[in-house]
Amino acid sequence: MELVNNKYRFEGGIDPLELCREYGTPLYVYDASVMEAQYKRMTSAFTWPAFRAHYACKALTNISVLRLFRSLGAGLDCVSVFEVKLGLKAGFKPDDILFTPNFAGADEFEEAVKLGVKINVDAIPMLENWGLHHRDYPLCLRINPHLMAGGNEKISVGHIDSKFGISIHQLPHVLRIVESQGLKVNGLHMHTGSDILDVDIFMRGAEILFDAAARFPDLEYIDLGSGFKVPYKPDDIETDIEELGEKLSNRFAEFCESYGRELTLMVEPGKFLVSSAGYLFARCTLVKQTTSTAFVGVDTGLNHLIRPMFYGSYHKIVSITEPTFKQLQASSGRSNDTKREGCAHQTKRNAGGFAGNTDICLMIWLTSTRWPMKV
Ligand SMILES: Cc1ncc(COP(=O)(O)O)c(C=O)c1O
């Protein structure tokens, strides 16, 4: 969305205020043109011909968004059978879906097998039982390469204390199970975290998987997981996707040559594809002046946007009816019910403009994802 001649407009000249009037507030709006641009940016960065991106749909499972990514040619990364079913409903074919749960029980795996999707196993007990029930159903293995990386420890999941994946140190044990049960391992996977900026860290993780891959003769794909770092604030930095795409594609070509066959190179970003595409529109309900500041109340709250409480995340707020109000203070959770330094001054100064005008819509810009699902 852009500010042109003092008016916010979506691509194609769509007026956000009209959307609010038509659909009411609070209202989520997702800009397909932004998601498409991010998807194309990524697919052009990875030059390896057999490149496939699986959208990690936990970032946003809105069914229209799933349909959009399907139409663009993406596959889907799902962490529950519920997500798998949503993906199928959105038109993905079972083979386009990778089921990557953590601590799912046998019944959930059973259901996923019945639905015919690709299976990613991330626990040895599940692997030990696989041959008893599904010896001929191929599976992918989620390996934990033990890389601690990324700026946010809440979303760093590839380190040694993480519950995710099968430790790379347990590889000999894994190989014994695979060989003794005659299992067909057709994929290797890792996901080291959602906040990795450094291309060298990705490359290090890739090397670990390439080394392991030499021990599995039936591979069809290697999924390097993902979670590219996105800008969380306007001037924040992001993963250099162009550099990463080029380096990984070149290295993958060398790997395939030594492996003896061309495999599919997969990644599975979520927020990289959607984080800059979402908006939450809310209507101002009341302005309350206290002795220290002015609070602008809106018809939304932590039930619609929990991320500030979970992650301390930042979401830019602007007024779409009064665009000159440059920045407003977010207060979307119980822990944020007080004014904050920096923005409070401006909120106070601008408060008069909101008073008594309940037609005013605030536009909350979602700079990152994991907001509640809406189908
Ligand atoms: C298995 C898996 N793949 C990929 C991702 C990447 O998601 P995002 O890019 O939204 O961080 C995640 C995130 O937690 C994940 O759990």
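A residue is called buried if 20 or more other C-beta atoms lie within 10 Å of its own, exposed if 12 or fewer do, and partly exposed in between, with C-beta atoms placed from the backbone. With that in hand, here are some points for a first look.

1. **What you are looking at.** This is a predicted model, in which local features need pLDDT of at least 70 and side-chain atom pairs count only at pLDDT 80 or more, while totals for chains, interfaces and linings use all residues. Residues are numbered from 1 along each chain as its sequence is written.

2. **The chain overall.** The chain holds 12 helices and 16 strands; these are DSSP runs numbered from the N terminus, with helices being H or I of at least four residues and strands being E of at least two. Of its 375 residues, 40% are buried. Take the contacts between residues at least 6 apart in sequence: 66% of them join residues at least 24 apart. Here a contact means that the C-beta atoms of two residues, placed from the backbone, lie within 7 Å.

3. **Strand β7, a good place to start.** In β7 (residues 118-121), Lys 118 and Asn 120 on one side and Ile 119 and Val 121 on the other are all buried, which leaves both faces covered. As background, side chains in a regular strand alternate between the two faces of the sheet.

4. **The neighbours of β7.** Strand β6 (residues 97-99) runs parallel to β7 and is joined to it by two bridges; strands count as paired if DSSP finds at least two bridges between them. Leu 98 has Lys 118 of β7 as its bridge partner. Between these strands the chain passes through helix α5 (residues 106-115), in a right-handed β-α-β crossover. Right-handed here means that, with the strands pointing away from the viewer, the path from the first strand over the helix to the second runs clockwise. Strand β8 (residues 139-144) is also parallel to β7, again with two bridges, and Val 121 stands opposite Leu 141. Helix α6 (residues 124-134) completes a right-handed β-α-β unit with β7 and β8.

5. **The nonpolar cores.** Which residues touch the most other members of the largest nonpolar core? They are Leu 188, Leu 209 and Leu 224, in a core of 68 residues. Such a core is a set of buried Ala, Val, Leu, Ile, Met, Phe, Trp, Tyr and Cys residues joined through C-beta atoms within 7 Å. Helix α8 (residues 199-213) gives the most to this core, with six residues. Leaving aside neighbours within four places in sequence, the contacts of Leu 188 include Cys 140, Leu 141 and Ile 143, as well as Leu 209 and Phe 216. A second, separate core has 10 residues, among them Cys 20, Leu 27, Phe 281 and Cys 284.

6. **Two helices that meet.** The axes of helix α2 (residues 32-45) and helix α9 (residues 241-259) come within 8 Å and cross at roughly 35°. These axes are lines fitted to C-alpha atoms over the stretch in contact, and angles run from 0 to 180 degrees between N-to-C directions. From α2 the contact uses Arg 41, Met 42 and Ala 45, and from α9 it uses Ile 241, Glu 242, Leu 244, Gly 245 and Glu 246.

7. **A hairpin.** Strands β13 (residues 278-289) and β14 (residues 294-298) pair in the antiparallel sense over five bridges. Gln 289 is partnered by Ala 294 of β14, and four residues link the two strands in a hairpin.

8. **Backbone details to check.** Most residues other than glycine have a negative phi, and most peptide bonds are trans. Asn 5 has a positive phi near 50°; this residue lies in the loop between β1 (2-4) and β2 (7-9), and is exposed because just 6 other C-beta atoms are within 10 Å. Phe 103 also has a positive phi, about 65°. Its loop runs between β6 and α5, and with 10 C-beta neighbours inside 10 Å Phe 103 counts as exposed. The peptide bond from Thr 25 to Pro 26 is cis, with omega near 0°, and Pro 26 sits in the loop between α1 (16-23) and β3 (27-30).

9. **Two more loop residues.** Is Ser 313 buried or exposed? Ser 313 counts as buried because it has 21 C-beta neighbours inside 10 Å, and its place is in the loop between α11 (307-311) and β15 (316-319). His 146, in the loop between β8 and β9 (166-167), has 17 such neighbours and so counts as partly exposed. The C-alpha atoms of His 146 and Gly 205 are separated by 8.5 Å, although the residues are 59 apart along the chain.
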